[in-house]
Amino acid sequence: MGVQPAVTPTLPPGDEQLLARFANGDRTALEELFQRYRQLAYRVAYRLLGHESDALDAVQEGFVKALTHLDGFQGRSSFKTWLLRIVSNASLDLGRQRKRRDILQLDPLTMREHESALPTVSVEPGRDLDHQDLRQALDAALESLPEAQRRTFVLHVDGELSYREVAEILGISIGTVMSRLFYARQKLRGLLSAQANV
Amino acid sequence: MNHARHNSDDIPIEWLAAYVDGELDSCAASRVETWLARHPEALEELRIQEGLSGTNAEFRNAVQVPMPDDAVFADVLANIEAELAIEDPKPTVRAKRWPWVIVGGTAAAAVLLIAWLQFTPPTEKPNQAPQAKLVEPMRETEPVIEFASADDVEIVSMFDRDAPMLVIGSHPMTKVPNWASSEDVVLEWVEPDHQGWFPEMGNTPSPTPSPMVLMPSTRGR
């Protein structure tokens with residue numbers, strides 16, 4: 001009776017392997033890394049910027065910087081946290097540039113209106129929000145949060161990072177992550193409750 | 001919205017966030033459950049935290065970010081590859097250019113040396129010591145004093161007893177502050193206050209540099 005050869009399941013290569021291959025000039029390793037993290041990076045960038053084109057710019061800048069400064073993370077964190085740290089930095093920088101650009105382009109009268117306008121969503125109060133409305137409401141509410149709370153919330157919820165990983169990225173304690181998330185949700189709830197029940 | 005903490009023997013209210021996210025160890029999670037059983041009024045807060053938690057699948061699905069097409073991501077990847085290719089070192093090209101750079105550099109240096117020897121005017125005081133630079137470069141060990149604006153600081157929680165000490169309002173700085181060192185300031189006299197008392201002043205100078213900030217103030221005198 002013949003013995004069937006054991007079939008070893010092929011595991012996908014780890015990030016370290018892909019990075020080593022990339023360092024040796026293997027461009028397919030870059031494709032695999034990009035395929036693996038593009039959605040995560042895009043979600044974080046989009047939620048911080050609220051704009052597809054800017055979010056794609058942040059993703060591009062994030063990958064380029066993460067791969068050209070690999071010595072900055074090796075041995076201290078995972079590629080995922082390193083990448084999301086850079087993507088979120090790039091997103092906030094782009095957001096600030098865009099805000100400055102927008103303000104410069106506004107005339108004084110329009111600027112006063114702009115400053116007094118809180119982020120709102122054109123939804124009748126009391127009506128249940130469908131998914132798109134809720135997403136837009138969340139994006140608008142997030143924009144009114146302090147940057148530190150917004151970034152913490154986005155890295156945890158959209159970046160799917162643990163408290164420890166968020167703390168590592170932001171250089172803060174886990175207690176601070178906990179506190180920022182708690183008060184971010186309180187504020188978001190206050191802003192969203194005007195639109196509908198979440 | 002009540003930001004005050006509960007009683008001091010209670011758990012920190014922020015633990016509710018970590019509890020709904022499954023980030024507490026079993027011991028802390030058990031403390032939260034015991035506390036919630038004694039404080040049913042906090043269940044509303046728990047519901048808020050659960051409603052906007054990443055562990056809430058309904059919430060996650062509802063606010064899912066719309067993804068661009070694969071073609072859009074392919075363009076981004078092509079841009080990344082192009083940018084990384086630009087930054088790639090070209091060792092073979094550089095190796096071929098090196099001899100020419102060395103030869104050219106040496107020739108240029110020789111021409112400049114001859115020109116300097118021929119056209120430099122004689123100095124009147126050859127033994128004079130060089131003038132000290134007026135501005136000393138900042139030492140690397142020099143401390144950097146950082147300013148935080150109102151946008152950088154957010155108070156998320158404080159004890160009731162500390163609340164009366166909180167000063168609310170715009171900060172008095174209207175322009176970039178100017179720094180003055182002890183050499184810039186001369187103390188000529190000190191006037192007594194309206195009751196005739198002089199302020200207590202130490203006679204010994206501070207052992208560490210104590211810069212003084214001079215800034216325009218919005219407050220009237």
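**Exercise 1. The contact of the two chains**

How many residues does the contact take from chain A, and how many from chain B? Describe also the make-up of the side of chain A that touches chain B.

*Solution.* The model examined here is a predicted one. Begin with the counts: chain A gives 40 residues to the contact, while chain B gives 31 residues. Next, look for the elements that give two or more residues to the side of chain A that touches chain B, and these turn out to be α2 (27-49), α3 (52-68), α6 (131-143), α7 (147-157) and α9 (174-193) of chain A. Finally, sort the residues of that side of chain A by kind, which gives 21 nonpolar, 9 polar and 10 charged.

**Exercise 2. The two chains described separately**

State how many helices and strands each chain has, and then what share of its residues counts as buried.

*Solution.* Taking chain A to begin with, one finds 9 helices and 0 strands, and from the N terminus on its elements run α-α-α-α-α-α-α-α-α. Chain A has 198 residues, of which 38% count as buried. Turning to chain B, the secondary structure comes to 6 helices and 2 strands, in the pattern α-α-α-α-α-α-β-β when read along the sequence. Of the 221 residues of chain B, 8% count as buried.

**Exercise 3. Helix α8 and its partner α9 in chain A**

Determine how α8(A) and α9(A) are oriented to each other, and which residues meet where they pack.

*Solution.* The description of two packed helices rests on the angle between their axes and the distance between the axes. Helix α8 (residues 163-170) of chain A packs with α9(A) at an angle of about 105 degrees, and their axes are 8 Å apart. Angles of 65 to 115 degrees count as roughly perpendicular, and α8(A) and α9(A) are therefore roughly perpendicular to each other. At the contact, Y163(A), R164(A), V166(A) and A167(A) from α8(A) meet I174(A), V177(A) and M178(A) from α9(A); the residues of this contact divide into 6 nonpolar, no polar and 1 charged.

As a further step, consider burial along α8(A), where the buried residues are Y163(A), E165(A), V166(A) and I169(A). They cover an arc of only 165 degrees around the axis, which puts them on the same side of α8(A). After α8(A) comes G171(A), with a positive phi near 65 degrees.

**Exercise 4. The largest nonpolar core**

Which residues have the most contacts inside the largest nonpolar core? Trace the surroundings of V87(A) as well.

*Solution.* The largest nonpolar core has 61 residues, and those with the most contacts inside it are A41(A), A45(A), V59(A), L83(A) and V87(A). Leaving aside residues up to four places away in sequence, V87(A) touches A41(A), V44(A), A45(A), A58(A), V59(A) and G62(A).

**Exercise 5. Two single residues of chain A**

Where does E160(A) lie, and what place does K80(A) have? Decide for each how exposed the residue is.

*Solution.* E160(A) lies in the loop between α7 and α8 of chain A, and although E160(A) is not a glycine, its phi is positive, about 55 degrees. Because E160(A) has 15 C-beta neighbours inside 10 Å, it counts as partly exposed. K80(A) has its place in helix α4 (residues 79-105) of chain A, and because K80(A) has 19 C-beta neighbours inside 10 Å, it counts as partly exposed. The C-alpha atoms of K80(A) and Y37(A) are separated by 7.5 Å, with the two residues 43 residues apart along the chain.

Terms used
Residues are numbered from 1 along each chain as its sequence is written. Chains are lettered from A and ligands numbered from 1 in the order in which they are written. This is a predicted model: local features need pLDDT of at least 70, side-chain atom pairs count only at pLDDT 80 or more; totals for chains, interfaces and linings use all residues. Two residues are in contact if their C-beta atoms, placed from the backbone, lie within 7 Å. Helices (H or I, at least four residues) and strands (E, at least two) are DSSP runs, numbered from the N terminus. Ala, Val, Leu, Ile, Met, Phe, Trp, Tyr, Cys and Pro count as nonpolar, Asp, Glu, Lys and Arg as charged, and the others, Gly among them, as polar. Axes are lines fitted to C-alpha atoms, for helices over the stretch in contact, and angles run from 0 to 180 degrees between N-to-C directions. Angles under 35 degrees count as roughly parallel, over 145 as roughly antiparallel, 65 to 115 as roughly perpendicular and the rest as oblique. A residue is buried if 20 or more other C-beta atoms lie within 10 Å of its own, exposed if 12 or fewer, and partly exposed in between; C-beta atoms are placed from the backbone. The arc is that of the directions from the helix axis to the C-beta atoms. A nonpolar core is a set of buried Ala, Val, Leu, Ile, Met, Phe, Trp, Tyr and Cys residues joined through C-beta atoms within 7 Å.
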